[in-house]
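Open your viewer and get ready to select residues as we go. Please bring the model into view, with side chains switched on.

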Amino acid sequence: MLKLNRKTEYGLMAIKYLQGLEPGHPASARDIAESSGAPFDLLSKVLQRLHSLGIVQSTQGIRGGYALDRNLEEINFAQFIEAIEGPIALTSCLSEKGSASCDMAGTCNILPPMAHLNTKLNEVLSQMTLAEVTQL
């Protein structure tokens, strides 16, 4: 079965939560975790990753927290997934560029179709913006 991992789901929950905030009123990781039911520690790591990529901003202090830092129309869904999970690959043997990285690469009869499918999936995910995904 094809599915996103929990970190990506928690990242989407955080983005959705942050979209509902009034400008100038950041939310703490604890507030986001409590409202979404996500584990605080894992959500904090996801938020830190999104901060390091410039998707959210982080403000220290008593009135600090997280807020959106970029227009979500500027971020495609593939970029978001890769920011959290790393390269998108349908099978464990495909690397970021679609080349094989396993012991069976020389004899594998499904590598070419899986690489093609992986490319098509990346194209579809790249055509969707993060704003589009969180507005549905």
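**Stop one: the pockets**

The largest pocket in this predicted model has a volume of about 240 Å³. To see its walls, select L2, K3, L4, I81, E85, P87, I88, A89, L90, L121 and L125, which line this pocket. Now colour by secondary structure: the elements giving two or more residues to this lining are α4 (77-85) and α5. Then try colouring by residue class. Nine of the lining residues are nonpolar, none is polar and two are charged.

Next, move to the second largest pocket, which holds about 170 Å³ of space. Select L18, Q19, L21, E22, P23, G24, H25, P26, Q57, T59, A67 and L68 for its lining. Here α1, β1 (56-59) and β2 (65-68) are the elements that supply two or more residues. What classes of residue make up the lining of the second largest pocket? With your class colours still on, you should find six nonpolar, five polar and one charged.

**Stop two: the salt bridges**

Side chains of opposite charge can pair when their charged atoms come close. How many salt bridges does the structure hold? There are three, and we can visit each in turn.

Begin with R6 and E9, whose closest N and O atoms are 3.1 Å apart in a salt bridge. Show the ribbon as well, and you will see both residues in helix α1 (residues 6-19). They are three residues apart, about one turn of the helix. Is R6 buried or exposed? R6 counts as exposed because its relative accessibility is 53%, over the 50% cut-off. Its partner E9, at 29% relative accessibility, counts as partly exposed.

For the next pair, select E74 and R70. These two form a salt bridge, and the closest N and O atoms are 3.8 Å apart. Add a surface and look at R70: its relative accessibility is 32%, so R70 counts as partly exposed.

Finish with E123 and K120, whose side chains meet in a salt bridge at 3.8 Å, N to O. Both residues sit in helix α5 (residues 111-127), three residues apart, or about one turn of the helix. With the surface still on, compare the two partners. E123 has a relative accessible area of 38% and is partly exposed; K120, with a relative accessible area of 40%, is partly exposed too.

While you are at this helix, bring back your first selection: α5 is one of the elements that give two or more residues to the lining of the largest pocket.

Technical notes:
Residues are numbered from 1 along each chain as its sequence is written. This is a predicted model: local features need pLDDT of at least 70, side-chain atom pairs count only at pLDDT 80 or more; totals for chains, interfaces and linings use all residues. Side-chain values use heavy atoms; hydrogens and water are left out. A salt bridge is a side-chain nitrogen of Lys or Arg within 4 Å of a carboxyl oxygen of Asp or Glu. Helices (H or I, at least four residues) and strands (E, at least two) are DSSP runs, numbered from the N terminus. Buried means under 20% relative accessible area, exposed over 50%, partly exposed in between (1.4 Å probe, protein chains only). On a 1 Å grid over the protein atoms alone, a cavity is a set of points where a 1.4 Å probe fits but cannot get out, and a pocket is an open set with protein on both sides within 12 Å along at least five of seven lines; lining residues have an atom within 4 Å of a point. Grid points are joined across faces, edges and corners, and a volume is the space filled by probe spheres set on the points. Ala, Val, Leu, Ile, Met, Phe, Trp, Tyr, Cys and Pro count as nonpolar, Asp, Glu, Lys and Arg as charged, and the others, Gly among them, as polar.
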